[in-house]
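This report walks through one structure piece by piece, from a single side chain out to whole sheets. Please keep the sequence and the 3D view at hand while reading.

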Amino acid sequence: MCGIVGYIGNQAAYPILIKGLKRLEYRGYDSAGVALLDDNQINVYKVKGKVADLEKFARRKNTNGTLGIAHTRWATHGEPNEVNAHPHYSQSEDLALIHNGIIENYAVLKQGLIKNGYTFQSETDTEVLIQLIEFIKKTNRVSLPEAVQLALNHVVGAYAIAVIERSQPDLLVAARKGSPLVVGVGEDEYFLASDATPIVEFTDKVVYVGEEEIVTIRRGAELDIKTISNVKKTPRIQKLALTLSQLEKGGYPHFMLKEIFEQPKTLSDSMRGRVNVDENNITLSGFIDNREKFLNAKRIIITACGTSWHAGQIGMYAIEEFARIPVEVEYSSEFRYRKPVIYPDDIVIAISQSGETADTLAAVELAKSQGAFIFGICNVVGSSIPRNTHSGCYTHAGPEIGVASTKAFTAQVTVLTMLALLIGKEKGYLSRENYLRIIRELAKIPEKIDHILLQNDIIAQFAKTFTYAQNFIYLGRGYNFPVALEGALKLKEISYIHAEGYPAAEMKHGPIALISNEMPVVVIATKGEIYEKVVSNIQEIKARKGRIVAITTEGDAEVREMADYAISIPHTEECLVPLISVIPLQLLAYHIAVVKGCDVDQPRNLAKSVTVE
Ligand code: G6P
């Protein structure tokens, strides 16, 4: 989703801004722009397309200046084109602004401004905001920070903004509500960005801008932070844990492939210090600190979006099996609006890779306001959800850049599994023997993934046969049902092939009508409690000439025999199968998308971090 970068200091701003925009490309966007203050003039350049197109466009233009703001836009109001791209000038061109978020009352504000003689170039809500700031600034004769503050008091919606003023070469004003914003603190210079990725190569000192805060950044001065209701705040400088090498492809053609291959390591990182095979124990500080709450919870509600929602489904299977606590898994976007019944002894678990998803953040706020205990499972350290929950667990998968989530998913499932086992053991539902057996097996998952990754070339080979397909069905049962959903989502996201995940037995109630020799059906048929039932489902597909891609357990000749293509995975505990059965599905989606020539890391229309609802 929209990316914001800003710079004020002694260096040339333009290269820093462009580099920053490139680091934010992973968030997803469709146009880009930059505004630079030079010689009492704000020069704005913007294009539809990629940051590389912006660079081409600006090649022979004046890109001087040591103060600037830049933006990648993911269209909400008005189609992706040059006019709607940010930065937007105010009417007099004295001010320029970039914005991430949605101004919900923009239509009313716009009418008021039109009555006062303002005209608009674009269809965006953003242009309304900069005109409003200018209008307020002129009519009240106030400084830019004051005008921003007054204007934001009229705004309903979500925003992260950055504004510059032609006559103020030493001033950058930024603010946020709902959408994320980070300030990097360097030596006599400041960086501004939607997340820390553009900042990390310049400084490891950051200040996360808080909800409804306005930060006034002046060249050579301390940061000045106030809330929109005028309460002064002290900037809290934090140290970034992120490293630059984590943000680069490390020899892989795409971030997605790199991240798939990183999973043995990221799973180990996720378990490090938590799963202790020698001491036969799992330690999760988020659990220890709130042990009684977990043991007494009457219900757990998991709220999440997209891939994180799929991880939540797997969490539900594990928590119900081991901890015997009823679990509901909710789409955050539905949960937040459907007036859910929430009790004070409910635990709400919010799962989010980015920790910034607007709907999940709103679901957290809603559950909090109704007295529930909120536990976050997030990947991005210091992001909004962990800052707004009572407790939680980081997944420690490292930065995930590919839009299609892979390593974050397996890390989420790992954390949920550890949590389920721990509650189950503490509540006495899970015998010591079973607990120990599963822990030992959990610790072996990274090497099992390594083993599956050896089949990458084989999967790449048979991916070539599927480029003709318009549709795919993915089937699984039990713990593998959410994996089927996740496999289908991966394919849809990056190859643009329509794919549906279904519980295998449900196929008879509809999707079976679609089966023909042109329909590839991916069936996760690993050995387990309901293996025989899944085999029967495969027979039903075979009888209708569907083309079967089976994920089987090593040594299973029966399914291998029935399938047109088979990928085998090692045997493991049933509750841990999702951690490995998803790997071939990630690779399958990746290779099909590559063969089709799709932009794997930045698929069309998708955003990595969905900061608007
Ligand atoms: C977007 C991303 C998905 C992600 C979902 C939820 O749609 O493209 O990969 O699963 O948001 O994001 P979160 O950061 O909350 O896990």
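Leaving out residues up to four places away in sequence, Trp 309 touches Ala 304, Val 329, Glu 330, Tyr 331 and Leu 485, where contact means heavy atoms within 4.5 Å. The model is a predicted one, in which local features need pLDDT of at least 70 and side-chain atom pairs count only at pLDDT 80 or more, while totals for chains, interfaces and linings use all residues. Residues are numbered from 1 along each chain as its sequence is written, and side-chain values use heavy atoms, with hydrogens and water left out.

**Two buried residues in helices**

Trp 309 is found in helix α10 (residues 306-323); helices (H or I, at least four residues) and strands (E, at least two) are DSSP runs, numbered from the N terminus. Trp 309 counts as buried because its relative accessibility is 10%, and buried means under 20% relative accessible area, exposed over 50%, and partly exposed in between (1.4 Å probe, protein chains only). One of the residues it touches, Glu 330, is 21 residues away from Trp 309 in sequence, yet the two are 7.6 Å apart in space, C-alpha to C-alpha.

Thr 266 belongs to helix α7 (residues 263-271). With a relative accessibility of 3%, Thr 266 counts as buried, and, neighbours within four places in sequence aside, Thr 266 is in contact with His 396, Ala 397 and Lys 407.

**Helices and their surroundings**

How do α7 and helix α15 (residues 432-453) pack, and at what angle? Their axes are 8 Å apart and make an angle of about 170°, where axes are lines fitted to C-alpha atoms, for helices over the stretch in contact, and angles run from 0 to 180 degrees between N-to-C directions. The two helices are therefore roughly antiparallel to each other, since angles under 35 degrees count as roughly parallel, over 145 as roughly antiparallel, 65 to 115 as roughly perpendicular and the rest as oblique. On the α7 side the contact is made by Gln 263, Pro 264, Leu 267, Ser 268 and Met 271, and on the α15 side by Leu 442, Ala 443, Ile 445, Pro 446, Ile 449, Asp 450 and Leu 453.

In helix α3 (residues 106-115), the buried residues are Leu 109, Lys 110 and Leu 113. Seen down the axis of α3, they fall within an arc of 100°, so they line one face of the helix; the arc is that of the directions from the helix axis to the C-beta atoms. An α-helix has 3.6 residues a turn, so residues three or four places apart point the same way. The buried residues of α3 pack against β6 and α4, whereas Val 108 and Lys 115 are exposed on the other side of α3. Just after α3, Gly 117 takes a positive phi of about 90°.

Helix α1 (residues 13-23) is mostly covered, with eight of its 11 residues buried, among them Tyr 14, Leu 17 and Arg 23. The cover over these buried residues includes β1 (3-8), β2 (31-38), α2 (51-58), β4 (67-73) and β10 (190-193).

**The sheets**

An open sheet of eight strands follows the order β3-β2-β4-β1-β10-β9-β11-β15, with antiparallel pairing; two strands pair if DSSP finds at least two bridges between them. At its edges stand β3 (41-48) and β15 (238-239), each with a single partner strand, so one side of each is left without a neighbour in the sheet. α1 lies across β1, β2, β4 and β10 and runs at about 20° to β4, while α2 lies across β2, β3 and β4 and runs at about 130° to β3.

A second open sheet has seven strands in the order β5-β6-β7-β8-β12-β13-β14, again with antiparallel pairing. Its edge strands are β5 (88-89) and β14 (232-233), each of which pairs on one side only. Helix α4 (residues 125-140) packs on this sheet, touching β5, β6 (95-103) and β7 (157-165), and its direction makes about 130° with that of β6.

The table sets out three strand pairs.

| Strand pair | Bridges | Direction | One pair of partners |
|---|---|---|---|
| β2 and β3 | eight bridges | antiparallel | Gly 33 and Lys 46 |
| β8 and β12 | six bridges | antiparallel | Ala 175 and Ile 214 |
| β25 and β26 | six bridges | parallel | Ile 524 and Ile 551 |

In the last of these pairs, strand β26 (residues 547-553) is mostly covered, as six of its seven residues are buried.
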